[in-house]
Amino acid sequence: MFGKKSEYAQYKFLVDGLTDEILKKRVETSLRFYITRANKYKKRDSFLGMASIVMPAFATFAAAAASFYEEQYPSLDLAVPVITLIATVTAGVIAHFKFSEKMQNYRDLAESMKSEVAMYECRSQKYSKDKAEDEEQARDIFLQAIERIIEDGYRKSRELETADNKFL
C-alpha cells in the first residue's frame, strides 16, 4: 500500500502532454472525477456486497446459538430478526442505488478518456497524419471526442439516477 500511486497519478503523464491549457484542464478534471467516482462506488458496492453475504451466514449462526443457549441468553432470539432486517435493507440499498452499475459507468468513461488522450498524444488512428490534415484538425477531432465522452457520461449518469427515482 505504501508508495503505490493513485490511478490518476499513474496516468497524469497523458494529461501533462496536452499543450492547450483549457483542453488540458477539461481532460484533467473530467478524468479525475471519473476515476474518483468509480473508486467511490466500487468501495460502496464491495462493502455492502460483502455485508449482504456475511449477514445471512451470521443470522444462521445466531439462530443455532439461540437454540443452544436459549435458557442462558433469552434475548439472543432477537438477533436473528435484527440481522435478517439489516441484510434485507443492505440488499435493498444495493439494488436501489445501483453502485455496481454506476461504478462500471464511471470506469468505462475513465478508460475511454485515457484511451482517447493516449491516441491523441501518440497521433494514432484518427489523429494520424493520414487522417488529420494538420495539428489544428487533430485538436478539433480530439476536442469533439472528449466532449462526446463527457456528454455520454452525463447521459448515462442521468439514466441511472432517473432509474433510482422511477418508483418514488
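**Chatting through the helices and charges**

Colleague: Hi! Which helix is Arg148 found in?

Modeller: Arg148 belongs to helix H5. Keep in mind that this is a predicted model.

Colleague: Sure. Is Arg148 buried, exposed or partly exposed?

Modeller: Arg148 has 41% relative accessibility, so it counts as partly exposed.

Colleague: And how far is Arg148 from Asp108, C-alpha to C-alpha?

Modeller: Those two C-alpha atoms are separated by 13 Å, with their positions 40 residues apart along the chain.

Colleague: Let's do salt bridges. How many are there?

Modeller: The count comes to 16 salt bridges. One of them pairs the side chains of Glu7 and Lys114, at 2.8 Å from N to O.

Colleague: What does the pair of Glu7 and Lys114 tie together?

Modeller: Glu7 lies in helix H1 (residues 7–16) and Lys114 in helix H4, so the pair ties together parts that are 107 residues apart in sequence.

Colleague: Are Glu7 and Lys114 buried or exposed?

Modeller: Glu7 and Lys114 are both buried. Lys114 also lies over the face of Tyr11, 3.8 Å from the ring centre.

Colleague: Nice. What about Arg26, which side chain does it meet in a salt bridge?

Modeller: Arg26 meets Glu147, with 2.9 Å from N to O. This pair links distant parts of the chain, as Arg26 is in helix H2 and Glu147 in helix H5 (residues 135–165), 121 residues apart.

Colleague: How accessible are Arg26 and Glu147?

Modeller: Arg26 is partly exposed, with a relative accessible area of 29%. Glu147 is partly exposed too, with a relative accessible area of 29%.

Colleague: Back to H5 for a second. Which residue does Arg155 form a salt bridge with?

Modeller: Arg155 pairs with Glu159, and their closest N and O atoms are 3.0 Å apart. Both lie in helix H5, 4 residues apart, which is about one turn of the helix.

Colleague: Why would a spacing like that suit a pair within a helix?

Modeller: An α-helix has 3.6 residues a turn, so residues three or four places apart point the same way. As for accessibility, Arg155 is partly exposed at 39%, and Glu159 is partly exposed at 40%.

Colleague: Which residues do salt bridges with shared partners join into one network?

Modeller: That network holds Lys12, Asp16, Lys25, Glu28 and Arg32. Glu28 has its place in helix H2 and is buried, with a relative accessible area of 11%. Leaving aside neighbours within four places in sequence, Glu28 is in contact with Tyr8, Lys12 and Val15.

Colleague: And where does the charged end of Arg32 sit?

Modeller: The charged end of Arg32 sits over the ring of Tyr8, 4.1 Å from its centre.

Colleague: I've been looking at Lys24 as well. Which helix does it lie in, and what is its nearest side chain of opposite charge?

Modeller: Lys24 lies in helix H2 (residues 21–68). The nearest side chain of opposite charge is Asp16, 4.0 Å away, and Lys24 is buried yet has no salt bridge. Setting aside neighbours within four places in sequence, Lys24 is in contact with Val15, Asp16 and Leu18.

Colleague: Change of topic, aromatics. How many aromatic pairs are there?

Modeller: The structure holds 11 aromatic pairs. Phe68 and Tyr69 form one that is edge-to-face, 4.8 Å centre to centre with 90 degrees between the planes. Phe68 is exposed at 63% relative accessible area, while Tyr69 counts as partly exposed at 34%.

Colleague: Which residues form an aromatic cluster?

Modeller: Phe33, Tyr34, Tyr41, Phe97, Phe99 and Tyr106 form one cluster.

Colleague: Quick check on H4: what span should its 24 residues have, and how far apart are its end C-alpha atoms?

Modeller: At 1.5 Å a residue, helix H4 (residues 99–122) should span 34 Å, and its end C-alpha atoms are 34 Å apart, which agrees.

Colleague: Last one, backbone. What phi does Arg123 take just after H4?

Modeller: Arg123 takes a positive phi of about 55 degrees. Most residues other than glycine have a negative phi. Lys98 also has a positive phi, near 50 degrees; Lys98 is in the loop between helix H3 (79–97) and H4, and at 18% relative accessibility it counts as buried. Gln125 has a positive phi near 50 degrees as well, in the loop between H4 and H5, and Gln125 is exposed at 56%.

Colleague: Great, thanks!

Methods:
Residues numbered from 1 in each chain as written. Predicted model: local features only at pLDDT ≥ 70, side-chain atom pairs only at ≥ 80, totals over all residues. Heavy atoms only, no water. Phe/Tyr/Trp six-rings, centres within 6.5 Å; stacked < 30°, edge-to-face > 60°. Buried < 20%, exposed > 50% of the residue type's maximum accessible area, 1.4 Å probe, protein only. Lys NZ or Arg CZ within 6 Å of the ring centre and 35° of its normal. Helix = DSSP H or I, 4+ residues; strand = E, 2+ residues; numbered from the N terminus. Lys, Arg positive; Asp, Glu negative; His and termini not counted. Contact = heavy atoms within 4.5 Å. Expected span 1.5 Å × (residues − 1).
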